[in-house]
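Let's take a walk through this fold together, one piece at a time. Keep the structure open beside the text and turn it as you read.

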Amino acid sequence: MPAETFTADQKQSLLRDGYVIVRGAAPPEQVARARDRIQAALPKDERRLLVPAGLATHEDTVGLLNDTCLADILRNEMGPYPPIVSAQVAVTPPYDDLDGAPAPHVDGSWSGKIPTDPDEIDLATTRPKDAARYFGPDDDVRGTNDGQLWLDPDRTISIGSYTALVGVALNDQTEPGNGQFGVLKGMHEAVEAVFRRQRDAGSVIGPEGLGWPRIKISASGRPYMNGLPDAVREAAHCAAEQAPPIAGWPWRWVTPVLLDAGDAVIALHSCPHTPTPNLGPNPRMNVYFRVRRLREGNPHEGTRRLGHGVSDHPDRGYFGQFLDYPPDYDPWATSVAKLCDHWSEWDGMRELVASG
Ligand SMILES: [Fe+2]
């Protein structure tokens with residue numbers, strides 16, 4: 001009988017690590033159906049396996065959450081949520097180094113083209129000196145990841161948010177180095193602490209806010225989009241020094257989530273994560289869902305244009321559209337409150353969190 005809730009051990013894992021594994025979440029026939037459909041839709045002659053958009057909303061894809069025990073587990077442990085209508089299909093080809101080391105990040109910020117010359121970065125604002133060239137005249141260029149530079153019209157929030165990232169594996173990823181979903185284990189609380197500090201200081205929430213440069217310069221002198229607050233990066237590297245090395249896994253500060261086909265991972269939004277290189281020999285195939293707990297009073301809950309399931313910025317339309325909100329519902333204040341108290345969105349964790 002499929003699980004409907006977390007076990008006591010799974011609750012402890014989620015609390016401690018910021019993520020938890022659900023073994024055998026999707027039955028083999030459902031996994032095979034989704035895998036075959038994705039496989040058939042992939043272009044055969046390109047190195048980057050771009051997945052056709054139609055797959056994101058196909059019932060065989062979204063069914064990996066909607067028609068499995070994951071739906072019940074989320075409803076019971078997180079709470080009610082609007083219908084999931086889309087997913088992210090993520091395929092990493094075999095022998096793909098992803099152009100370098102893993103880059104853990106907190107979901108929800110803008111990602112896109114930035115200057116390659118460090119002299120073109122304003123180190124005070126952590127933005128390009130010629131910002132309009134990259135971000136648009138009004139900071140209105142949508143990121144290549146469909147993210148926005150600013151979420152709210154007043155530009156006080158630079159990060160979108162949701163409650164749970166759910167990943168379902170469609171192939172065997174039990175050996176480290178097969179393109180696993182990687183996490184900064186246990187760093188979710190450090191991320192929440194940064195959001196609280198930013199809020200308490202009256203700072204921007206997210207990149208460009210207190211302790212979180214938007215663009216940094218690498219040791220080799222190249223600017224990069226910075227997916228992590230400085231304090232979280234430092235804490236993660238410190239923690240990694242205590243962690244035992246993993247054979248076949250050179251990225252010590254990142255923990256590989258070892259999944260077999262049909263297994264799932266559920267991570268808090270605040271748990272930093274990253275794709276990792278696939279050293280081969282098989283394509284790494286995962287389907288991800290970004291799920292946000294229902295927000296009472298929000299008139300847009302359940303609207304298809306939010307792209308619930310794939311969007312990491314559901315206070316705006318998926319394509320960045322501003323939505324009209326009634327005077328008695330403030331989506332921006334609500335999201336900041338949730339970022340600063342991530343367990344408030346997990347009904348089933350309430351007792352354990354309170355006892356800790
Ligand atoms: Fe991500």
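**A guided tour of the fold**

The place of R155 is in the loop between helix 5 and strand 5, and this is where we begin. A word of care before going on: the model is predicted. Phi of R155 is near 55 degrees, a positive value in a residue that is not glycine. As background, most residues other than glycine have a negative phi. Is R155 buried or exposed? With 12 other C-beta atoms within 10 Å, R155 is exposed, since the cut-off for that class is 12 or fewer.

The loop between helix 5 (131-135) and strand 5 also holds D146. Here too phi is positive in a residue other than glycine, with a value near 70 degrees for D146. D146 has 17 C-beta neighbours inside 10 Å, so it counts as partly exposed.

Follow the chain from that loop into strand 5, and you arrive at a sheet. In what order do the strands of this open sheet lie? There are 5 of them, arranged 1-10-5-12-2, and the pairing is antiparallel. Strand 1 (19-22) and strand 2 (88-92) stand at the edges with a single partner strand each, so one side of each has no neighbour in the sheet. From one strand to the next, the twist averages 20 degrees.

Now look at the edge formed by strand 2. Strand 2 is joined to strand 12 (residues 284-291) by 5 bridges, and the two run antiparallel. To find the register, pick out V89: its bridge partner in strand 12 is V287. Across strand 2, strand 5 (164-169) and strand 12 lies helix 3 (residues 59-66), which runs at about 65 degrees to strand 12.

At the other edge, strand 1 leads us to helix 1 (residues 8-17). Which residues of helix 1 are buried? They are L14, L15 and D17. Strand 1 and helix 9 (350-355) are among the elements that cover them. Just after helix 1 comes G18, with a positive phi of about 85 degrees.

A second open sheet has 3 strands in the order 9-6-11, again with antiparallel pairing. Its edge strands are strand 9 (255-256) and strand 11, each of which pairs on one side only. Strand 6 (residues 182-183) pairs with strand 9 over 2 bridges in the antiparallel sense. V183 is a good residue to search for here, as its bridge partner in strand 9 is T255.

Strand 11 (273-274) also takes us back towards strand 12, and the loop between these two strands contains P281. What kind of peptide bond joins G280 and P281? It is cis, with omega about 0 degrees. For context, most peptide bonds are trans.

Our last stop is a pair of helices. Two packed helices are described by the angle between their axes and the distance between the axes. The axes of helix 6 (residues 188-200) and helix 7 (residues 230-242) come within 9 Å and cross at roughly 160 degrees. Angles over 145 degrees count as roughly antiparallel, so that is how helix 6 stands to helix 7. Their crossing is right-handed. Where they meet, helix 6 brings A190, V191 and V194, while helix 7 brings A231, V232 and A235. The residues of this contact divide into 6 nonpolar, no polar and no charged.

Notes:
Residues are numbered from 1 along each chain as its sequence is written. This is a predicted model: local features need pLDDT of at least 70, side-chain atom pairs count only at pLDDT 80 or more; totals for chains, interfaces and linings use all residues. Two strands pair if DSSP finds at least two bridges between them. Helices (H or I, at least four residues) and strands (E, at least two) are DSSP runs, numbered from the N terminus. Axes are lines fitted to C-alpha atoms, for helices over the stretch in contact, and angles run from 0 to 180 degrees between N-to-C directions. Two residues are in contact if their C-beta atoms, placed from the backbone, lie within 7 Å. A residue is buried if 20 or more other C-beta atoms lie within 10 Å of its own, exposed if 12 or fewer, and partly exposed in between; C-beta atoms are placed from the backbone. Angles under 35 degrees count as roughly parallel, over 145 as roughly antiparallel, 65 to 115 as roughly perpendicular and the rest as oblique. A crossing is left-handed if the near helix is turned anticlockwise from the far one by less than a right angle, and right-handed if clockwise. Ala, Val, Leu, Ile, Met, Phe, Trp, Tyr, Cys and Pro count as nonpolar, Asp, Glu, Lys and Arg as charged, and the others, Gly among them, as polar.
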